Structures are given as structure tokens and as C-alpha cells.
Amino acid sequence: MTQPVGILGGTFDPVHNGHLHLATTFLEQLKLAEILFVPSNNPPHRPAPLASPEQRLEMLKLAVENHPHLKIDDCELERGGISYTIDTLKLIRNKIDEAPLCLIMGMENFKTLNHWHQWQSLLDYAHIVIVNRPERDENINSEEIKNFMSTFITTAIEDLRDQAAGCILKLDIPMLDISSTQIRNNIHSNLDSESLLSDKVLDFIHTQHLYKQ
Ligand code: ATP
């Protein structure tokens, strides 16, 4: 099998050091060929992003410019409308053929996966790799999700290389306690955000007068 490709979907409103830490750590731990950051156009389960698709894309470009293995796939912005992950996985699966795909997400997303469009088919196209985020309630309450997890869970990283899709892996690696919400709130309140995101992204936010309203 070839090296797996990682996918990190999100609103990236804005992209921050928590995303970059997640991506660079997973790239190394899972020995991924690359990670595709996939900004969503209109996420189905949350309010619309404050920054425009173009602004979020530009911030992503600035954030990953010095990371050769972190790439951006703007297929959801190109597609327009509501962004369903299943459609994105089908598209990327077509492009990369048989290589293993790893859909990376924080536990706060995984625990409500049963609300996602065609969620049970996600594993037909990719593995799912989960990480806990600091300071969040990461208990899974849904029996449906608990069953889904126990059916497909693996603890062997090699499974992600030996199969193209179909496994769930939880990595217990410490993450940074940073969120886009915290950064938007900081900027709105004129509080310092320097340690939370890249200087270039922060400069862009200031130049574009983002998150001030
Ligand atoms: P918001 O505060 O607006 O909800 P966010 O910081 O959660 O944004 P997203 O763009 O929604 O950022 O996240 C994209 C993906 O990255 C999600 O799967 C999320 O769980 C994960 N993620 C975001 N921040 C972190 C972090 N600090 N550590 C680990 N994973 C993260």
C-alpha cells in the first residue's frame, strides 16, 4: 500500500496553531504522505463563517506556505452550497485511487457524527482518526456512535496503511488549547492573539479588519 493521505476539514475561521500542531503531529505519527486542508463553504451544523471563502483560503495559504506536506484542497469552496464531507471524500477518493485516506477530526466532531449526511458511508471512502481537544467534554453520549466506534476501532496504526479505508483510530496525543472562536473573540475585544496563530495570518486579519464587528 502507498502512504496514506490525511484530510482535515474545517471552517478555518481563522486557521490557527492548534490546526497546524494537529496536522504536523499526525503527519509524523501516521507517516502520512501529506495532509489536505479542506475549507468548508457552508458547514451544515454550525453558523456560517464570518470571513469570506476567499479570506479563509488566503489565511490557509499563508499558514501552510512553509510546510511542504500540508496542502489545501478548495473543492468544497469550488462546489459551493452546503459542504458535505461524504461528497468531498468521494471526489478525493477518485483522484487518489487506491491510497489510504485518513479523515482527521477532533472528538467534538466525531461524537455528533451521526448527524452528518450519509455518515455511515464515510468509512467506505476513508479511515477516521480522532483526537481529544483539551478542556472539552469528550464523552460520547450517543449509543449509535459508541456502537459505530466499537465496531470499527483499531489500535494498530499499520491498519491505516494496509487498508484504503474502514478503520477508526483514536490517537492520545496532547493538543493545544486553541480555537478559532477564542481568536475571533480576542480580536473583537482587542486582546492579544499572537501566540495562537501565525504572524502572517494575524497581519492579514488586521489588514482585512476581520472579526472586529
Ligand atoms: P471554532 O472555534 O470556530 O469552532 P475550531 O477552532 O474548532 O473553530 P475548525 O476549523 O472548526 O476550528 O476545526 C477544524 C478541525 O480541526 C476540527 O476537526 C477540529 O476538531 C480540529 N481542531 C480545531 N482546533 C483544534 C485543536 N486546538 N486541537 C486539535 N484539533 C483541533
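Trainee: How far does a backbone N or O atom of T11 lie from an oxygen atom of the ligand, and what makes that a polar contact?

Mentor: The distance is 3.1 Å. A polar contact is a pair of N or O atoms within 3.5 Å (within protein, one must be able to donate a hydrogen and the other to accept it, and residues adjacent in sequence count only if both atoms are side-chain atoms), so the T11 pair qualifies. The model is predicted: local features need pLDDT of at least 70 and side-chain atom pairs 80 or more, while totals for chains, interfaces and linings use all residues. Residues are numbered from 1 along each chain as its sequence is written, and side-chain values use heavy atoms, leaving out hydrogens and water.

Trainee: Which atom of R46 is 2.8 Å from an oxygen atom of the ligand?

Mentor: An N or O atom in the R46 side chain. The protein buries 94% of the 600 Å² that the ligand exposes taken alone (Shrake-Rupley method, 1.4 Å probe).

Trainee: Why is strand 4 called largely enclosed by the rest of the structure?

Mentor: Six of its six residues, 101-106, are buried (under 20% relative accessible area, 1.4 Å probe, protein chains only). A strand here is a DSSP run of E with at least two residues. L101, L103 and M105 cover one side, and C102, I104 and G106 the other.

Trainee: What makes strand 1 and strand 4 a pair?

Mentor: Pairing takes at least two DSSP bridges. Four bridges join these parallel strands, so they pair. One of the bridge partners is C102, opposite G6. Five bridges join strand 4 to strand 5, also in parallel, so that is a pair too.

Methods:
Buried < 20%, exposed > 50% of the residue type's maximum accessible area, 1.4 Å probe, protein only.
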